[in-house]
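Colleague: I've got a model to go through and I'd like to learn how to read it feature by feature. Could you take me through it?

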Amino acid sequence: MRSMATDISRRAALGILGGGLLLPLLARASQGNDLFLNAFAEDIDFGIAGFDSAGRVHFSLPLPQRGHSFARRADNRQAVAFTRRPGSCALIFDPRNGKLQHRIDAMEDRSFCGHGTYSADGKRLFATETIGSTGDGVIGVYAAEDGFRRVGEWPTRGFDPHEILLAADGRHLIVANGGILVLADTPRLKLNIPDMDPSLVYIDSRDGRLTAQIRPPRELHQLSLRHLAGDRRGRVAIAMQYEGPKGDPVPLVALHDGPQAGRSPMRFLSLPERKWTALRQYCGSAAMDREGKLLAVTSPRGNQVLVWNLDDERLLAEHMIDDVCGVAADWESGGFMMSNGQGHIFREQKRELTMLPTENAKRRWDNHMMPIRV
Amino acid sequence: MKRLTWLAVFAILACADPAHAVPDSVYAGINERAVQQHILPRYGQLAVATGKLDAAAKTFCAAPAVDKLDAVRKTYNEVEDAWQNIQHVRFGPAANASRADRFAFWPDPRNIIGKQMAALLAKRDAAALVPEKFAHASVALQGLPALERLVFTDQAEKLTAKSVEAVFRCQYLQAIAGNLAAMATQIDHEWRDGASAFATRMTQPNGTPYRDPREANVDLFKSLYFAVELAADHKLARPLGGSAQEARPHLAESWRSLRSLRNLQLNLEAARNLYLTAFAPAMPDKGTAEGIRASFDEAIAAANEITLPLENAVQDGKARPAVEKLARSIVALKKILLHLLPAELDIPVGFNALDGD
């Protein structure tokens, strides 16, 4: 029954994508400014959209299931939209206008985890994936110049790999292993909460070899490492979600000094306990500003955005936004763009927050936002 | 059938008005009713039932005999009933020290329970069964599914053989029963007693872990939804498979004690009780409230129409359509709950916040 339903939805999706609707649904003249990609849900439909810093939607593209995050090629001429875990496909498109270029279907017994990244030269695409029968994490390796053929896979050394980034050295891949066992047979059910084993790993993007694996301290093993952002000093910020008892006052954002720091421990940002508690044990997304100096972390359960200056590790701002999750650097202003599940887009400049005019309040913005230089 | 159900959903959706502000007193009322009339009595009952199981295990093991096994099985069933009545409320005391996972580790698609039990029974290390130690053993060894394996199917005979293994099995049985009783007592105590009782923190939020009644209400909605989601997507979908030939009866929750259908019935009734007791009286639109109730009634009626044990019904050409009907009605109920209830009561179950990613 399940496989039949999947076949039908896949076929339907192929029909939509391949049969004349290749053009974006809502085309608009390009403003020559930056765009921001964000997945959305609208009634029972899913898609991705590109909007500008005024919140005007330039294009939309349908997705066969709920979307999640994106990979951007360095030249900003190609991007990939990943479906949410367990993701069945990824769409390759021109992020300037939403024109679909290609589609990757998940390999047998593999599903996408929602995140991916290109190699520095744009020739390879790396996607976090889960083996459905065992729960083990892998990086799927795709040849971007050869029809996105899957040319290999490398273990991530953990369950539930989530966000993946290319390190500042252009060589290492950084993967956040969430550490939660989920099997295809029991979709989205977490099977090992009492003995989770999350980790941050650095993997050589040339051959998949493990450079270092870093775990949180033993007493914090129920912190699922999920989202990443890299700063200008080559450090990695890790935003986490806690699976332990409600009310445990746990820290949720840590720094690691990058692949060259090897197995040195991650270090949690310091924050008064009540501020951690206010995040409700849950960070949804993380982004660095254009300088690689300011870190923004969103918490859709705490309805908050925290902004740190990573040079001195001080908290600069706290914004209250209901169900906020998507966040991206606003290269133009030096601040951030944010989106929420109630259909709103926000612009943060010099720590001042503005809600942009809402074009379509039925369009609920999903977890992640990615900036594109047009 | 499916189409009709969906037409009904859209008809209700069209009438719902999500844009009203709901005063805090409404959430406080839901929370109060849920805690006092649903959660406390049910966790109280779990403590009572596990106490009886603990006593029954001791009595049985004092003089193990085949004809006395039924007394243990009876108390096991009472504990399983009590657990199925409240297993959806997993936040707060049940989450502390991984108690819910230790109480009933399920599902177990990798058969960790089987593997670890085999190792434990082969090693026969009595020191591992000392309460303080056993409470920190693998969660797979501690719970109701492990106990079920000891007292049902042909495994049960090994409890009464005059052998070293039988003695150890009985010690293990008592360790599980004692540990379940201790956990249920701790959960009940943490909900009820003292200045930091979770009942107080939920009904009179002071910041930890809830800042206001509306935030506390989210956990109750999630529990309600979880009961239905677990039933639809796992307890029923796993054994059901795509056809009678593809059915997998051994993936049913309690196939050894042949009570998987009863578990589902109790789960649905528990969810309906939580809904009717706590949420329904607060619903501004009576039509929506009735629509949700009707959907619960339909699912429960469908469950009651299944005449064979679930394990057999999924493989039986004649009985299977009733199981498929139940599957459809629980999936419909799940969608109706998620689409209608948070909108109607303005419960902040965020699009981004509901399900971690």
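Modeller: Sure, element names first: helices (H or I, at least four residues) and strands (E, at least two) are DSSP runs, numbered from the N terminus. This is a predicted model, where local features need pLDDT of at least 70 and side-chain atom pairs count only at pLDDT 80 or more, while totals for chains, interfaces and linings use all residues. Residues are numbered from 1 along each chain as its sequence is written, and chains are lettered from A and ligands numbered from 1 in the order in which they are written.

Colleague: Let's try one residue, then. Where is A:Pro259, and is A:Pro259 buried or exposed?

Modeller: For burial, count C-beta atoms placed from the backbone: 20 or more others within 10 Å of a residue's own make it buried, 12 or fewer exposed, and anything in between partly exposed. A:Pro259 sits in the loop between β18 (253-256) and β19 (267-268) of chain A. A:Pro259 counts as buried because it has 21 C-beta neighbours inside 10 Å.

Colleague: Which residues does A:Pro259 touch?

Modeller: Contact here means that two C-beta atoms, placed from the backbone, lie within 7 Å. Not counting residues up to four places away in sequence, A:Pro259 touches A:Ala167, A:Asp169, A:His172, A:Tyr202, A:Thr211 and A:Ala212. As for A:Ile104, 155 residues from A:Pro259 along the chain, the two C-alpha atoms are separated by 30 Å.

Colleague: And how do I read A:Val80: what is it in contact with?

Modeller: A:Val80 belongs to strand β5 of chain A, and it is buried because 29 other C-beta atoms lie within 10 Å. Beyond its neighbours within four places in sequence, A:Val80 is in contact with A:Phe70, A:Ala71, A:Ala90, A:Leu91, A:Ile92, A:Gly116 and A:Leu125. From A:Val80 to A:Thr117 you go 37 residues in sequence, but 8.6 Å in space, C-alpha to C-alpha.

Colleague: On to backbone oddities. Which peptide bond in chain A is cis, with omega near -5°?

Modeller: That's the bond from A:Arg85 to A:Pro86, with A:Pro86 in the loop between β5 (79-83) and β6 (89-94) of chain A. Chain B has a cis bond from B:Thr208 to B:Pro209, with omega near -5°. B:Pro209 lies in the loop between α11 (198-203) and α12 (213-240) of chain B.

Colleague: What about phi: what value does A:Phe148 take?

Modeller: Phi of A:Phe148 is near 55°, positive in a residue other than glycine. A:Phe148 is in the loop between β10 (136-143) and β11 (149-159) of chain A, and it counts as partly exposed because it has 19 C-beta neighbours inside 10 Å. B:Leu258 also has phi near 55°, again a positive value in a residue other than glycine. B:Leu258 is found in the loop between α12 and α13 (260-279) of chain B and is partly exposed, with 15 other C-beta atoms within 10 Å.

Colleague: How should I describe two helices packed together?

Modeller: Two packed helices are described by the angle between their axes and the distance between the axes. Axes are lines fitted to C-alpha atoms, for helices over the stretch in contact, and angles run from 0 to 180 degrees between N-to-C directions. In chain B, helix α8 (residues 144-151) packs against helix α10 (residues 164-192) at an angle of about 145°, with the axes 10 Å apart. The residues that meet are B:Ala146, B:Leu147 and B:Leu150 in α8(B), and B:Arg169, B:Tyr172, B:Leu173 and B:Ile176 in α10(B).

Colleague: Does α10(B) have the expected span, or what span should its 29 residues give?

Modeller: The expected span is 1.5 Å times one less than the number of residues. The 29 residues of α10(B) should therefore span 42 Å, and the end C-alpha atoms are 42 Å apart, which agrees. Just after α10(B), B:Gly194 takes a positive phi of about 85°.

Colleague: Last one: how many residues does each chain bring to the contact?

Modeller: Chain A brings 32 residues and chain B 22 residues. On the side of chain A that touches chain B, α1 (2-18) and β28 (363-372) of chain A each supply at least two residues. The largest share of that side, three residues, comes from β28(A).
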